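Me: I have a model open and want the reasoning behind some of the words used to describe it. Please go through them one at a time.

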Amino acid sequence: MKHGKKYVDAAKLVDKTKLYDTNEALDTVIKTATAKFDETVELHVKLGVDSRHADQQVRGAVVLPNGTGKNVRVLAICKGANEELAKEAGADYVGAEDMTQKIQQENWMDFDVLITTPDCMGLVGRLGRILGPRGLMPNPKAGTVTPDIAKAVKEAKAGKIEYRLDKTNIIHCPIGKVSFGADKLTENLDTLMDAIVKAKPAAAKGQYIRSVAVTSTMGPSVRVNPAKFGA
């Protein structure tokens with residue numbers, strides 16, 4: 001893949017042979033983010049597990065202390081009193097059959113998170129083929145299927161993110177924006193890494209945290225020393 005001049009110049013600021021301390025790594029990411037927009041900073045963690053086995057899955061959700069810097073659009077699918085609770089908590093869209101029909105018939109996808117209550121999972125379940133491939137299917141482990149819809153909506157709006165393994169046993173997550181600065185990004189990274197470490201499956205053998213890297217949307221990858229996280 002051919003990179004532009006800005007990327008090539010930014011990459012020269014990164015020592016590819018070095019494992020950086022967290023704060024220094026994020027400081028380097030900020031320095032190498034040269035786009036004209038406020039780039040998202042992403043964390044990539046390779047784990048020593050095998051995602052093909054059900055007992056080695058790593059998945060969960062965590063509220064980042066400084067949020068993600070993104071305006072999260074929340075769809076709440078619920079009924080009765082829960083509709084008013086979801087609206088009061090800040091949900092952007094609230095409904096039940098009307099919303100599921102809109103998704104099915106119009107392929108409507110103007111939301112980032114779908115939260116529902118257990119009694120509406122029958123409705124939402126029909127949308128599996130549409131929501132699943134987009135990573136939008138609600139899940140109890142991620143806290144997006146819950147009887148406490150108000151709390152879930154507030155957390156999603158505050159910067160709750162879901163982490164999960166991909167097929168190559170890597171977790172990819174946003175941890176904020178370049179404008180946050182290294183200290184706030186470090187707080188977010190530490191919070192997410194703490195959750196990932198606690199989620200270690202009992203079946204995992206050997207080194208759990210294999211590698212950690214941070215990058216901005218358009219910038220080069222910077223390797224973080226995994227030893228800090230008990231690797």
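Reply: Helices and strands here are DSSP runs, numbered from the N terminus; a helix needs at least four residues and a strand at least two. The model is predicted. Its secondary structure comes to 8 helices and 9 strands.

Me: Where is the place of Thr-168?

Reply: Thr-168 sits in the loop between strand S6 (160–164) and strand S7 (170–177). The C-alpha atom of Thr-168 is separated by 34 Å from that of Tyr-93, which is 75 residues apart from Thr-168 along the chain.

Me: Why is Thr-168 called partly exposed?

Reply: Buried means under 20% relative accessible area and exposed means over 50%. Thr-168 has a relative accessible area of 43%, so Thr-168 is partly exposed.

Me: What makes Thr-28 buried?

Reply: The relative accessible area of Thr-28 is 11%, and the cut-off is under 20%, so Thr-28 counts as buried. Thr-28 belongs to helix H2. Leaving aside residues up to four places away in sequence, Thr-28 touches Leu-13, Val-14, Tyr-20 and Val-222.

Me: Why is H2 called oblique to H8?

Reply: Helix H2 (residues 22–31) and helix H8 (residues 182–198) pack at an angle of about 125°, and their axes are 9 Å apart. Roughly perpendicular covers 65 to 115 degrees and roughly antiparallel starts over 145. The angle of about 125° falls in neither range, nor under 35 degrees, so H2 is oblique to H8. The crossing of the two helices is right-handed.

Me: Which residues make the contact between H2 and H8?

Reply: On H2 they are Thr-22, Asn-23, Leu-26, Asp-27 and Ile-30. On H8 they are Ala-182, Asp-183, Leu-185, Thr-186, Leu-189 and Asp-190. By type, the residues of this contact divide into 5 nonpolar, 3 polar and 3 charged.

Me: How do you know that the radius of gyration of the protein agrees with that of a compact globule?

Reply: The globule rule is 2.2 Å times the number of residues to the power 0.38. For 231 residues that gives a value near 17 Å; the protein has 19 Å, which agrees. The C-alpha trace spans about 55 × 45 × 30 Å along its principal axes.

Me: What share of the 231 residues is buried?

Reply: Buried residues make up 47% of the 231. As for contacts between residues at least 6 apart in sequence, 71% join residues at least 24 apart.

Terms used. Residues numbered from 1 in each chain as written. Predicted model: local features only at pLDDT ≥ 70, side-chain atom pairs only at ≥ 80, totals over all residues. Heavy atoms only, no water. Axes fitted to C-alpha atoms, helices over the stretch in contact; angles between N-to-C directions. Left-handed = near helix turned anticlockwise from the far one by under 90°. Contact = heavy atoms within 4.5 Å. Nonpolar A, V, L, I, M, F, W, Y, C, P; charged D, E, K, R; others polar. Buried < 20%, exposed > 50% of the residue type's maximum accessible area, 1.4 Å probe, protein only.
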